[in-house]
Amino acid sequence: MRKILFSILVCLALGSWANPVDELLERIDKGASAKFKTELVKSEKDFFELDQKGSKVVVRGNTWVNIASGINWYLKYYAGIHLSWNQMQTKLPAVLPAVKAKERHETDLTLRYDFNYCTFSYSMAFWDWKRWEQEIDWMALHGVNLPLAIVGEECVWRNMLLKLGYTEEEVGKFIAGPAFLAWWEMNNLEGWGGPLPLSWYSRQEKLQKQILARMKQLGMHPVLPGYSGMVPHDAKARLGLNVADAGLWNGFQRPANLLPTDPRFAEIAKLYFDELTKLFGKADYYSMDPFHESNDDASIDYAKAGEAMMQAMKRVNPKAVWVIQGWTENPRPQMVDGMKAGDLLVLDLFSECRPMFGIPSIWKRPEGYKQHHWLFCLLENFGANVGLHGRMDQLLDNFYGPKNQCKGIGFTMEGSENNPVMFELMSELPWRPGKFKKEDWVRQYVKARYGVDDPLIERAWLLLARTIYNCPAGNNQQGPHESIFCGRPSLNNFQASSWSKMKNYYDPYSTYEAALMMNSVAENYRCNNNFEYDLVDITRQALADQARLQYQRAIADYKAFAVKEFESDYRRFLLMLLMQDKLLGTRSEFRLGHWTQAAIACGATPDEQKLYEWNARVQITTWGNRYCADTGGLRDYAHKEWQGLLKDFYYPRWDAYFNALADQMKALQKPQPDLLGGGPNASKTAAELFQMALPQEVTLDYYAIEEPWTLRQNPYTAAPEGSPVDVAREVMELIK
């Protein structure tokens, strides 16, 4: 017995002394931890410090996450190594560059948040532990200590609903499928993409426990999903509850809202938190976004609703803080005005564009968030769309403006794994006390990203920083400039999704010029992983921008009835689309297969694999059924410029459309019956005949073209094909 007790004590002691940053370093490069000395130092101020002791680089900090931030700073600005989503492992030099003078960085912004609910579906829907382990390392290196952790929330709800008397079949009709869980969690829809197999719940429960253990090992504070009153839409009839019907969300049936005045509110909230705690433990922060993207409802007492939700959370942990998204109407003032300072933390979700505080904004609130603490957040990406995009000047101007009650920053992107430059910039802001010129920072970034000094690469990036990465104030578009390839064809195609609010703000020649510069030196940087990733991404953007001009030429030909020119120009557009597919195929990150293979790998049976692949395909194309896609406007919201998707999904739409226009032109060239001879148009009025003479839009049933692809199971591979350098050169030859 004594031996057993001794062994337990030894294990506990070793666990308490284990250095999670050393383990992180080993995942970056085997043997890397021996080249660093990390020192955890008590301090009331968040800091990291770089120093040197003999041959070892010393990194000090008051938390493991701050030490990891120091490691990342050292790797970038001393060793010329940039770890990003496209490269989380590297080979360190045998002897690390020395820190010649001690360097210290401090911040008062002690909370650094990560993730939007949407990120968990648009990017992470099918991640396994290996991929999650890399992401948690990325978070630590970029200073994140307050990550949203909602994997496995469906497990809590399943247990809760079964205890309320729902059957497995009824649970399956309520909880959404893997690619749509975020919108179910945000009270937007029920059941779409499901029902989930029982094996999914087991998988996600295990995965969430691994995620939470690693986050806590690094000293992070996971934000668990709280209870905000959501119940199935049939809860009134099924359970006799007093609910507010939330109606429809873009055509989907929304769950109902349990009214706070219902005597069973506290009981059901307790049941939820009991199940959550049983599976995943207690938290110091809980995320709740009640009445998300919904109109005000006179039947809801918002003040009482907020009070009921806060009380339910505080019963679990009296010290817990409610985390809420600052998005459109939320948080409603009447719901939170009566709450104590410190009990609520607001994520100002789109601070780089539409902040609710301080500077002029279409969402500005004159009194900001009043007594409540908030975080300055970078949204940057919507729908995980592919495209270069950023608001560098706006980000810097807004960040270094007034920030009363601001306690930190947040990454709140709908989709990750894109535009690493913007997330790198954002991650450094808390550690940089004074405003700086973006040009100075970009020069440092380029050297860190590629590990080289190259004047042409620097010029290319400075050009991008002035143009496509500098979306100006007043432009409220949601994320990247959308690719012409990805939109449903029409005579006036501009944005691909319904709500992007796209507006031209940069000269398309700028991305072409940047691509020219990158390609001119590409031969020197073969096998430089970060360079090849950016070469493909920048060349992709240049091709997409030139294809938009090519589309305009083809449409002008059609309107001018220039038959031969139209055929030549639309065929060149289609060729450009296929060339984009080939270019993107050279990097696994831009291949459809990396998404569909991850989905299929989640399934243990053919039926499960089929369900998960269907989820993956639908989300990035039609998003919903015919009504939700077309009338609800959800189609192409999560469009992607990905190899495989371009060739097999977007190409058939454009090919069908251009062929229809060509057929229309051919029909008009045929001899028409003499009007005086009583032809079919003889009885038409002058106005009707005039209308017939105008270019006629072709109406195709796009959903009928799109849905069959979502039902297929033809394989796509994640393995890259071809050389990024060689294929990028082909692209530039095509568009010169």
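In the next few minutes I will walk through a few sheets, one buried cysteine and two helix packings in this structure. Please keep in mind throughout that this is a predicted model.

Let me begin with the open sheet, which is built from four strands in the order β1-β3-β2-β4 and has mixed pairing. At its edges stand β1, covering 36-40, and β4, covering 103-107, and each has a single partner strand, so that one side of each is left without a neighbour in the sheet. From one strand to the next, the twist averages 15°. Inside this sheet, strand β2 (residues 46-53) and strand β3 (residues 56-61) run antiparallel and are joined by six bridges, and if you want a place to look for that pairing, Phe48 has Gly61 in β3 as its bridge partner.

I would now like to turn to strand β5, residues 111-114, where Leu111 and Tyr113 point one way while Arg112 and Asp114 point the other way. Are these four side chains buried or exposed? All of them are buried, and that includes the charged-looking pair you may have noticed, Arg112 and Asp114. Strand β5 runs parallel to strand β17 (residues 406-411), to which four bridges join it, and it also runs parallel to strand β6 (residues 146-147), here with two bridges. Tyr113 is a convenient residue for following both pairings, since this residue stands opposite Gly410 in β17 and has Leu146 as its bridge partner in β6.

Gly410 comes up again when we look at Cys377, a residue of strand β16 (residues 373-378). Cys377 has 0% relative accessibility and therefore counts as buried. Leaving aside residues up to four places away in sequence, what does Cys377 touch? Its contacts include the run Leu347, Asp348, Leu349, Phe350, Ser351 and Glu352, and beyond that run Gly410, Thr412 and Met426. A further distance to note is the one to Gly408, which lies 31 residues from Cys377 in sequence and 8.6 Å from it in space, taken C-alpha to C-alpha.

The last part concerns helix α22, residues 606-619, and I will take its two helix partners in turn. With helix α21 (residues 592-601), the axes come within 7 Å and cross at roughly 150°, which means that α21 is roughly antiparallel to α22. The crossing is right-handed, and the residues that meet are Trp595, Ala599 and Ile600 from α21 and Gln609, Tyr612, Glu613, Ala616 and Gln619 from α22. Sorted by class, that contact holds five nonpolar, two polar and one charged residues.

The other partner is helix α26, residues 702-711, whose axis comes within 8 Å of that of α22, with a crossing angle of roughly 150°. This, too, makes α22 roughly antiparallel to its partner, α26, and the crossing of α22 and α26 is right-handed. Which residues make this contact? From α22 they are Trp614, Arg617 and Val618, and from α26 they are Trp709, Thr710 and Leu711. By class, this contact divides into four nonpolar residues, one polar and one charged.

To close, I would leave you with two places to look at in the viewer: Tyr113, with its partners in β17 and in β6, and Cys377, which counts as buried and has Gly410 among the residues it touches.

Note on methods: Residues numbered from 1 in each chain as written. Predicted model: local features only at pLDDT ≥ 70, side-chain atom pairs only at ≥ 80, totals over all residues. Heavy atoms only, no water. Axes fitted to C-alpha atoms, helices over the stretch in contact; angles between N-to-C directions. Parallel < 35°, antiparallel > 145°, perpendicular 65-115°, else oblique. Left-handed = near helix turned anticlockwise from the far one by under 90°. Contact = heavy atoms within 4.5 Å. Nonpolar A, V, L, I, M, F, W, Y, C, P; charged D, E, K, R; others polar. Buried < 20%, exposed > 50% of the residue type's maximum accessible area, 1.4 Å probe, protein only. Pairing = 2+ DSSP bridges.
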